[in-house]
Amino acid sequence: MASYSQISSLLLVLLLLPYACVSSSSGSGGRPPLFPKVALDLYYDSLDMASANFLIRFLPYIYENDLIDMVNLKLVPYAQARIQGKSVVVCKRGSEDCLISRVAICSMKYLHQDEAMELIYCISHFITKSIAKNWEMCFELMRLEEKRVKECFTGYEGKQLDYQYVKEISNVIHGVGHLPWITIDQVQVKNQEMKSLKTSICKAYKGDKSEVCGEKIGHPKTSGSRSAGGHGALGRHI
């Protein structure tokens, strides 16, 4: 059971989550981009501490630096899961690991992308504080309608998504010994420092990147950020 002080500190961090993030399509007025976005895939394990710590740095950085407008971001849990028999998914850290992974994939299916990312960010905070069992509080903190997501992660659909994800990752990161695992346009990113990651994204993107990348690639913008003024947990953790 989480202590009162642990829950109180998380409440202070999470109550101001930026629920109204600008979507990645808003900058173009609904017009399709002239150049394809960069495929940015992050493979991780839901209860892996290194993955959780990375997520709470990675997600704010991607949004605060407007890199979200240049990428198709895909989070893929179950990095160290396996299929037993014909269709049973077995997670490295047990059933709770699989459950939280199903929450992630169901939220990505039924919530707006920004809401799903914030939910995963919130749950990752609980994991880093060693109170992962209280992750369901994130729905309340974010005032999310959880019915569709809950029906998914507690039912047959979630188990089917389990299988699809694990089957996919087994063809991508077979034998990987460390997490998280990041690819840009299906090529592994070896240096996962945030500034190096931004440099890699900027190099891969073929469209107009002067506003986001500038001449000093890798340095956060000091003005014009979608979280200017420091509102929200994603902004405060860069």
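**View A. Helix 3 and helix 7 lie roughly perpendicular to each other.** This is a predicted model, like every other view here. The two helices pack with their axes 10 Å apart, at an angle of about 100 degrees, and that counts as roughly perpendicular because the class takes in 65 to 115 degrees. From helix 3, look for Arg-102, Ile-105, Cys-106, Met-108, Lys-109 and Tyr-110; they meet Glu-157, Gly-158, Lys-159, Leu-161, Asp-162 and Tyr-165 of helix 7. It's a mixed bunch: six nonpolar residues, one polar and five charged.

**View B. Helix 3 again, this time with helix 4, and the pair is roughly antiparallel.** Helix 3 covers residues 95-110 and helix 4 covers 113-128; their axes come within 8 Å and cross at roughly 160 degrees. Since anything over 145 degrees goes into the roughly antiparallel class, that's where this pair ends up. The crossing is right-handed. Helix 3 brings Ile-100, Val-103, Ala-104, Ser-107 and Met-108 to the contact, while helix 4 brings Ala-116, Met-117, Leu-119, Ile-120 and Ile-123. Sort them by class and you get nine nonpolar residues, one polar and no charged ones.

**View C. Helix 2 and helix 8 meet at an oblique angle.** Here the partners are residues 49-64 (helix 2) and 194-204 (helix 8), with axes that come within 11 Å and cross at roughly 45 degrees. That's neither under 35 degrees nor in the 65 to 115 range, so the pair is called oblique. Helix 2 passes helix 8 in a right-handed crossing. On the helix 2 side, the contact is made by Phe-54, Arg-57, Phe-58, Tyr-61 and Ile-62; on the helix 8 side, by Met-194, Lys-195, Leu-197, Lys-198 and Ile-201. Seven of these residues are nonpolar, none is polar and three are charged.

**View D. Four strands make an open sheet with mixed pairing.** Follow the strands across and the order reads 2-1-5-6. Strand 2 (71-76) and strand 6 (187-188) are the edges; each has a single partner strand, so one side of each has no neighbour in the sheet. Strand 5 (residues 181-184) runs antiparallel to strand 6, and two bridges join them. Zoom in on Ile-184 and you'll find its bridge partner in strand 6, Val-187. Helix 7 (residues 156-170) packs on this sheet, touching strand 1 (38-43) and strand 2, and its direction makes about 105 degrees with that of strand 2.

**View E. Two stretches have pLDDT under 50: residues 15-32 and residues 215-238.** For the chain as a whole, the mean pLDDT is 77, with 73% of residues at 70 or more. Across residues 15-32, the model has 31 contacts beyond four places in sequence. For residues 215-238, the corresponding count is 52.

Technical notes: Residues are numbered from 1 along each chain as its sequence is written. This is a predicted model: local features need pLDDT of at least 70, side-chain atom pairs count only at pLDDT 80 or more; totals for chains, interfaces and linings use all residues. Side-chain values use heavy atoms; hydrogens and water are left out. Axes are lines fitted to C-alpha atoms, for helices over the stretch in contact, and angles run from 0 to 180 degrees between N-to-C directions. A crossing is left-handed if the near helix is turned anticlockwise from the far one by less than a right angle, and right-handed if clockwise. Contact means heavy atoms within 4.5 Å. Ala, Val, Leu, Ile, Met, Phe, Trp, Tyr, Cys and Pro count as nonpolar, Asp, Glu, Lys and Arg as charged, and the others, Gly among them, as polar. Two strands pair if DSSP finds at least two bridges between them. pLDDT is the predictor's confidence in each residue, from 0 to 100.
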